[in-house]
Amino acid sequence: MNRALENERLKEKLASAASMPKDVVLGAAVVTIIGTGEMCIENYRGIIEYTDVLIRVQTKECQIKLQGKNLQIEYYTNDEMKITGRICSLEYCK
């Protein structure tokens, strides 16, 4: 486990030194929120829970918990998804 942590730190240093985005080097999630009605998540691993009031998504580092009303996944690919509806809260959970 300690070895994995060292590898992640090394990747972060390399990304910083090479001026490369962390989402490319580390596979970090990119979350873009537009107002209260639209959200895009890039670099996610899977959908854990999906209802019209709660969507939970697994990323490499954590889970993203989105609560609201009339939530809907407009589309998803292997790398990206778009969620619409009335977004009330966003939480990052370990």
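I began at M81, which touches M39, C40, I41, Y44, I47, V57, I73, Y75 and Y76, leaving out residues up to four places away in sequence. Contact here means heavy atoms within 4.5 Å.

Notes on the source. The model is predicted: local features need pLDDT of at least 70 and side-chain atom pairs pLDDT 80 or more, while totals for chains, interfaces and linings use all residues. Residues are numbered from 1 along each chain as its sequence is written, and side-chain values use heavy atoms, with hydrogens and water left out.

**Entry 1: the core.** I looked up where M81 belongs. M81 is part of the largest nonpolar core, which has 12 residues in all. The other members are M39, I41, Y44, I55, V57, I64, L66, L71, I73, I83 and I87. Such a core is a set of buried Ala, Val, Leu, Ile, Met, Phe, Trp, Tyr and Cys residues joined through side-chain atoms within 4.5 Å. Buried means under 20% relative accessible area, exposed over 50%, and partly exposed in between (1.4 Å probe, protein chains only). Which strands each supply at least two residues of this core? I found β2 (38-42), β4 (54-59), β5 (63-76) and β6 (80-93). β5 gives the largest share, four residues. In soluble globular proteins, nonpolar side chains tend to be buried together.

**Entry 2: the chain.** I counted two helices and six strands. Helices (H or I, at least four residues) and strands (E, at least two) are DSSP runs, numbered from the N terminus. The order from the N terminus is α-α-β-β-β-β-β-β. Of the 94 residues, 23% count as buried. Among contacts with a separation of 6 or more, 39% join residues 24 or more positions apart. The exposed area is about 6,300 Å², with 49% of it from carbon and sulfur atoms. The areas come from the Shrake-Rupley method with a 1.4 Å probe; for residues, only the protein chains shown count as cover.

**Entry 3: the sheet.** I traced six strands in an open sheet, in the order β1-β2-β6-β5-β4-β3, with antiparallel pairing. Two strands pair if DSSP finds at least two bridges between them. Why is one side of β1 and of β3 left without a neighbour in the sheet? β1 (30-34) and β3 (44-50) stand at the edges, and each has a single partner strand, so one side stays unpaired. β3 pairs with β4 over five bridges, in the antiparallel sense. In that pair Y50 stands opposite I55 of β4.

**Entry 4: the β1-β2 hairpin.** β1 and β2 run antiparallel, joined by five bridges. They form a hairpin with three residues between them, and G35 in the turn has a positive phi of about 60 degrees. V31 sits in β1 and stands opposite I41 in β2. The two are 10 residues apart in sequence and 4.7 Å apart in space, C-alpha to C-alpha. V31 counts as partly exposed, at 25% relative accessibility. Beyond four places in sequence, V31 touches M39, C40, I64, L90 and Y92.

**Entry 5: T84.** I then checked T84, in strand β6. Is T84 buried or exposed? T84 is buried, because its relative accessible area is 15%. The T84 side chain makes a polar contact with the side chain of E74, at 2.9 Å. A polar contact is a pair of N or O atoms within 3.5 Å; within protein, one must be able to donate a hydrogen and the other to accept it, and residues adjacent in sequence count only if both atoms are side-chain atoms. T84 also touches G37, E38, N70, L71 and Q72, not counting residues up to four places away in sequence.
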